[in-house]
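Please open the model in your viewer and keep the selection tool at hand. The stops below run from charged pairs to the chain interface, then to the ligands and some backbone details.

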Amino acid sequence: MTFSPELEARFAKLLEIYPPGRTRSAVVPMLLYAQDEVGHISAELVEEVARRCQVKPLQVDEVVGYYSMLHRKPLGKCHVQVCTNISCLILGAEELYEHASKTLGIGNKEVTPDGQFSLEEVECMGACSWAPAIQLNYDFHHHVTPEKLDQLLAEVRKAH
Amino acid sequence: MLYNEPSPLEVKILTKRFGLANSESLDTYLATDGYKAFLKAVEMTPEQIIEEVKASALRGRGGAGFPTGLKWSFVPRTSPKPKYVIINADESEPGTCKDRLLMENDPHQLIEGILIAGRAVDSHKGYIYIRGEYRYLIEAMDRAIAEAYSRGYLGKNIRGTGFDFDLYTHTGAGAYECGEETALLDSIEGKRGIPRMKPPFPAVVGAWQSPTLLSNVETFSAIPAIIRDGGAAFAALGPAKNGGTRLVCLSGHINKPGVYELPVGFNLLRMIYEVGGGMRNGKKLKAVVPGGSSCPLLKADECDISMDFDSLAKAKSMLGSGGTVVLDEDTCMVKFAQRIMKFYAHESCGWCIPCREGTNWLKKTLDRFHSGAGQKSDIPLIGELSKNMLGRTYCALGDAAAMPTISIVEKFPEDFEAHLNGKPCPYEHSTELAMA
Ligand SMILES: Cc1cc2nc3c(=O)[nH]c(=O)nc-3n(C[C@H](O)[C@H](O)[C@H](O)COP(=O)(O)O)c2cc1C
Ligand code: SF4
Ligand code: FES
């Protein structure tokens with residue numbers, strides 16, 4: 001597989017920073033950084049990461065199922081993650097999640113037909129004091145109301 | 001970046017640079033006492049550094065509150081293998097959002113704390129394990145690390161002291177369990193995050209089979225102030241055996257939620273009413289999660305309490321990770337328990353049966369109960385199931401699921417009774433009102 005020069009540089013660094021012979025440590029970071037660039041984790045990517053980290057493909061494959069941010073299928077271009085854990089819950093996160101689901105017309109871990117959005121109900125994202133919180137891809141948004149969510153989604157639609 | 005107004009009641013030790021222009025830059029750091037503690041530490045013996053940390057009465061900010069100086073002294077003095085320092089920046093305990101601010105606003109304070117730890121335990125390599133969702137912080141820490149390298153505060157022969165240290169970031173990829181120290185070690189080795197049997201403890205056999213000092217971001221961030229101003233000064237800020245300040249993450253039904261640095265032992269009611277601006281919409285206080293979702297809840301009448309490790313333990317709860325969630329009278333405690341259990345059932349790594357099965361049963365029971373299909377016999381059953389998990393698991397996640405649940409059924413039976421006989425949740429519309 002070919003990757004951008006930035007990602008190649010990142011990979012090269014990952015293979016250097018762990019103790020000698022411990023390149024397996026680079027597996028999870030490599031998968032996540034690669035997923036950010038290519039969209040999801042294909043069988044081909046598993047093979048590629050295994051080759052680069054000098055481990056068995058199975059050793060890469062088994063972590064893909066374990067970590068919730070690693071995905072075997074493409075997500076939407078904008079992945080909408082709504083935290084419904086305790087601090088967000090008590091300030092209306094379930095209503096916010098329902099609103100997102102209705103507006104986007106998709107359920108948990110689904111993708112809109114045009115591939116623009118995907119939705120996920122997620123656990124605490126470390127924004128509890130500014131709840132309810134969401135992440136659009138990696139970007140945090142705090143004190144989100146249904147109206148604010150509509151605005152954010154409209155901005156994403158306009159940008160594409 | 002500041003996400004909330006500071007409070008005049010704060011005692012700003014770890015957060016003293018928050019809000020300064022370019023607080024994250026090395027120049028700002030150097031202009032405000034930065035790296036002085038490290039230069040002082042290289043003049044001290046490792047034993048003297050550890051004694052100073054012991055004198056500070058600093059206790060781990062990751063949740064368990066273990067005395068930090070003691071932990072440092074467990075790392076073997078000599079080792080044929082290299083030793084590692086690992087910084088736990090997995091920050092996933094529901095209710096907790098402070099490590100994020102420490103890395104964002106003052107990354108060099110963290111780096112300096114790590115350097116001092118490295119010097120004390122004779123380690124020359126560190127890894128900051130940052131949860132994957134905090135991508136912007138991985139970039140921010142990488143920038144700070146690069147700046148430190150470029151100016152000689154990391155790398156070989158740091159500032160001419162003869163001390164070498166390399167520091168790297170490592171990303172997680174979504175798993176609460178990887179915050180548990182031994183699961184984190186497996187995770188950083190490129191495996192699924194499954195806890196290891198203890199002993200041996202990480203201090204002796206940790207990452208890559210080597211001695212490893214592992215602590216929370218806030219714990220390391222407190223070190224520069226301790227070495228610079230002395231352990232005794234830090235200890236004096238809190239009650240006996242509970243030194244210093246803590247970044248308290250206040251959230252929930254209060255007027256001014258936010259992260260505030262307060263002395264350990266600050267009164268909880270004052271936190272809510274004076275620092276947090278009181279209850280929203282003049283509602284009555286119902287309960288508080290004192291330090292993250294793993295802690296037993298306190299009822300309103302238990303909240304006149306000093307927020308230190310020992311007082312909370314006496315009240316059969318925990319100070320935990322500093323995530324203080326305040327609940328008002330309109331909160332459905334059945335719903336609250338249900339959401340907590342949903343989290344632990346989702347995050348259980350499945351290694352031990354009491355946790356894997358117990359969290360799932362409890363989740364199903366609480367789901368059913370909240371939907372109105374619960375029976376009176378379910379109420380003691382929820383408590384019993386939880387108690388059967390206590391102390392019977394590999395790691396503390398099983399306990400973390402059981403403890404808040406037991407406290408909720410025992411302290412709020414009337415909320416459970418109110419859902420019996422197919423009655424709809426009496427609090428059903430309260431969160432919608434909270435949003436409006
Ligand atoms: C399930 C579970 C999750 C944990 N998550 C975290 C975490 O996200 N961050 C953290 O610092 N400690 C977490 N801990 C505590 C760590 O195991 C460990 O005690 C801590 O990082 C030690 O640092 P300290 O001495 O500074 O407290 C968790 C523990 C358990 C059982
Ligand atoms: S208690 Fe739960 S999370 Fe911890 S090892 Fe057992 S199954 Fe895994
Ligand atoms: S509970 Fe939602 S961000 Fe912490």
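Over all chains, the structure holds 38 salt bridges, a salt bridge being a side-chain nitrogen of Lys or Arg within 4 Å of a carboxyl oxygen of Asp or Glu. This is a predicted model, in which local features need pLDDT of at least 70 and side-chain atom pairs count only at pLDDT 80 or more, while totals for chains, interfaces and linings use all residues. Residues are numbered from 1 along each chain as its sequence is written, chains are lettered from A and ligands numbered from 1 in the order in which they are written, and side-chain values use heavy atoms, with hydrogens and water left out.

**A charged pair in chain B**

Select B:Asp33 and B:Lys16, whose side chains meet in a salt bridge with an N to O distance of 3.0 Å. B:Asp33 lies in the loop between α1 (26-31) and α2 (36-43) of chain B and B:Lys16 in the segment before α1, so the pair ties together parts that are 17 residues apart in sequence; helices (H or I, at least four residues) and strands (E, at least two) are DSSP runs, numbered from the N terminus. While B:Asp33 is selected, check its backbone, since phi is positive at about 75° although the residue is not a glycine.

**The interface of chain B and chain A**

Next, show both chains: 68 residues of chain B are in contact (heavy atoms within 4.5 Å) with 49 residues of chain A. The area buried between them is about 4800 Å², with carbon and sulfur atoms giving 59%; buried area is the accessible area (1.4 Å probe) that two parts lose on being put together, summed over both. Five salt bridges are found across this interface. To see one of them, select A:Glu123 and B:Arg339, whose closest N and O atoms are 2.9 Å apart. Now select helix α13 (residues 333-347) of chain B, which supplies eight residues, the largest share of the side of chain B that touches chain A.

**Ligand 1**

Which residues come closest to ligand 1? Of the 19 residues that surround ligand 1 (a heavy atom within 4 Å), the closest are B:Gly62, B:Lys71, B:Glu181, B:Asn216 and B:Thr219. Strand β4 (residues 212-216) of chain B gives three residues, the largest share of this shell. Three distances to oxygen atoms of the ligand are worth displaying: 2.6 Å from a polar side-chain atom of B:Thr219, 2.9 Å from a polar backbone atom of B:Glu181, and 3.4 Å from a backbone N or O atom of B:Arg61; a polar contact with the ligand is a pair of N or O atoms within 3.5 Å. Taken alone, ligand 1 exposes 610 Å², of which the protein buries 90%, the areas coming from the Shrake-Rupley method with a 1.4 Å probe.

**Ligand 2**

Move to ligand 2, where B:Cys349, B:Trp351, B:Cys352, B:Cys355 and B:Cys395 come nearest among the 13 residues around the ligand.

**Cis peptides in chain B**

Select B:Lys198 to B:Pro200 and display the backbone. A cis peptide bond joins B:Lys198 and B:Pro199, with omega about -10°, and another cis peptide bond joins B:Pro199 and B:Pro200, with omega about 0°. B:Pro199 lies in the loop between α8 (181-188) and β4 of chain B, and B:Pro200 is found there as well.

**Chain A as a whole**

Finally, select chain A, which has seven helices and four strands in the order α-α-α-α-β-α-α-β-β-β-α along the sequence. The C-alpha trace of chain A spans about 50 × 35 × 25 Å along its principal axes.

Key. A polar contact is a pair of N or O atoms within 3.5 Å; within protein, one must be able to donate a hydrogen and the other to accept it, and residues adjacent in sequence count only if both atoms are side-chain atoms.
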